[in-house]
Amino acid sequence: MREIQAQQITDVVEKLCIEANQYLPGDVQGAIRQCRACEDWEIAQGVLDKIITNFEIAENENVPICQDTGMACVFLEIGQDVHIVGGDLSEAVDEGVRRGYTNGYLRKSVVKDPVRRGNTGDNTPAMLYTEIVPGEQIKVTVGPKGFGSENMSMIRMFKPSAGLQGIKDFILEAVETAGPNPCPPMVVGVGIGGTFDKCALLAKKALMRPVDSSNPDPFYADLEKEMLEKVNELGIGPQGFGGKTTAIGLNIETLPTHIAGMPCAVNINCHVTRHKTEVI
């Protein structure tokens, strides 16, 4: 049994909140640059050039890539041989978010109550997702999620009779409905299976995967490729001004589900698909 101090978790979460907001992952940067090289629509080229300049300035000057520094989505893969000591886990994570958003001069965008509103003043609480895995380490991933894109996400409880075509049509419907609102080029996370709540989590976890990776199941890897091509054929383009680049990635995650259902969720992210990971 390995002991890990709660303070270590706080320190890592603080660091990742800042770094995730300032440094766009290499796979996302590479995908944007590749799309710029292939784009032949003048306005789309100009928009992509500005996006590239923006994330370069953010990285060089240690400032946020986007003014919406998001809700802090924190994913913890906790080894079953770990014992967390010296404090409460949730409080340790929230303290990390509190410090990260204060010390990193990040916009605080969380309200106390969904209806009555009122800013919490420190971007807490974090949206915390925990998973128990083998081992004696804790893998911490922070993915700040802006709501221009989050608001455009969808979930649908299909009957099995909807089939694969129903899933395909739904993905395209979600992206087309989103249009320019999520600041395309976007990354599309798709969750299929599980239950109502689990497929939504799958879709969000799909956004944490590198955009240049593929689902290990060849069937879903082919579906990812097909749907990315179809999404880009919609012609929404960078910031909605038209062009070949509506999305730079589309990732699918799946789980077994009930015989009577086929849940599907589409979680959309903007081109600022931020996530940073560290293992304790």
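1. To start with a term used throughout: a residue is called buried under 20% relative accessible area, exposed over 50%, and partly exposed in between, with a 1.4 Å probe and protein chains only. By that scale Glu-95, at 23% relative accessibility, counts as partly exposed. Please keep in mind that this is a predicted model, in which local features need pLDDT of at least 70 and side-chain atom pairs count only at pLDDT 80 or more, while totals for chains, interfaces and linings use all residues. Residues are numbered from 1 along each chain as its sequence is written, and side-chain values use heavy atoms, with hydrogens and water left out.

2. Let us begin with a sheet. Four strands make an open sheet with mixed pairing, in the order β6-β9-β7-β8. At its edges stand β6 (154-158) and β8 (247-257); each has a single partner strand, so one side of each is left without a neighbour in the sheet. From one strand to the next, the twist averages 15 degrees. Strands here (E, at least two residues) and helices (H or I, at least four residues) are DSSP runs, numbered from the N terminus. Two strands are said to pair if DSSP finds at least two bridges between them. As background, strands of a sheet pair through backbone hydrogen bonds, either parallel or antiparallel.

3. A closer look at one pairing may help. β6 runs antiparallel to strand β9 (residues 262-269), and five bridges join the two. One of the residues to find is Ile-155, whose bridge partner in β9 is Ala-265. Helix α6 (residues 163-178) packs on this sheet and touches β6, β7 (186-194), β8 and β9. The direction of α6 makes about 25 degrees with that of β9. Helix α8 (residues 218-232) lies across β7 and β8, at about 140 degrees to β8. For these values, contact means heavy atoms within 4.5 Å. Axes are lines fitted to C-alpha atoms, for helices over the stretch in contact, and angles run from 0 to 180 degrees between N-to-C directions.

4. Beside this part of the chain, you can look at Ala-162, in the loop between β6 and α6. Ala-162 is partly exposed, with a relative accessible area of 28%. Its C-alpha atom is separated by 8.3 Å from that of Met-262, although the two residues are 100 apart along the chain.

5. Now for another open sheet of four strands, also described as mixed in pairing, with the order β4-β2-β5-β10. Its edge strands, β4 (127-133) and β10 (276-279), each pair on one side only. Neighbouring strands are turned by 15 degrees against each other on average, direction ignored. Strand β2 (residues 71-79) and strand β5 (residues 138-145) are antiparallel, with eight bridges between them. Among these strands' residues, Ala-72 has Pro-144 in β5 as its bridge partner. Helix α7 (residues 196-206) packs on the sheet, touching β2, β4 and β5, and its direction makes about 95 degrees with that of β2. Helix α1 (residues 6-22) lies across β2, β5 and β10, running at about 40 degrees to β5.

6. How many salt bridges does a search of the whole structure find? The search finds 19; a salt bridge here is a side-chain nitrogen of Lys or Arg within 4 Å of a carboxyl oxygen of Asp or Glu. One of them joins Arg-98 to Glu-95, with the closest N and O atoms 2.6 Å apart. Both residues lie in helix α4 (residues 89-103), three residues apart, about one turn of the helix. Arg-98 counts as partly exposed at 29% relative accessibility. Arg-98 and Glu-95 also belong to a network of salt bridges that links them with Asp-11, Arg-99 and Asp-122.

7. Other salt bridges join parts distant in sequence. Glu-131 and Lys-205 meet through their side chains at 3.3 Å, N to O. Glu-131 lies in strand β4 and Lys-205 in helix α7, so this pair ties together parts that are 74 residues apart in sequence. Glu-131 is partly exposed at a relative accessible area of 35%, and Lys-205 is partly exposed at 35%. Glu-253 forms a salt bridge with Arg-209, the closest N and O atoms being 2.9 Å apart. Glu-253 is in strand β8 and Arg-209 in the loop between α7 and α8, so the pair ties together parts 44 residues apart in sequence. Is Arg-209 buried or exposed? At 14% relative accessibility, Arg-209 counts as buried, whereas Glu-253 is partly exposed at 22%.
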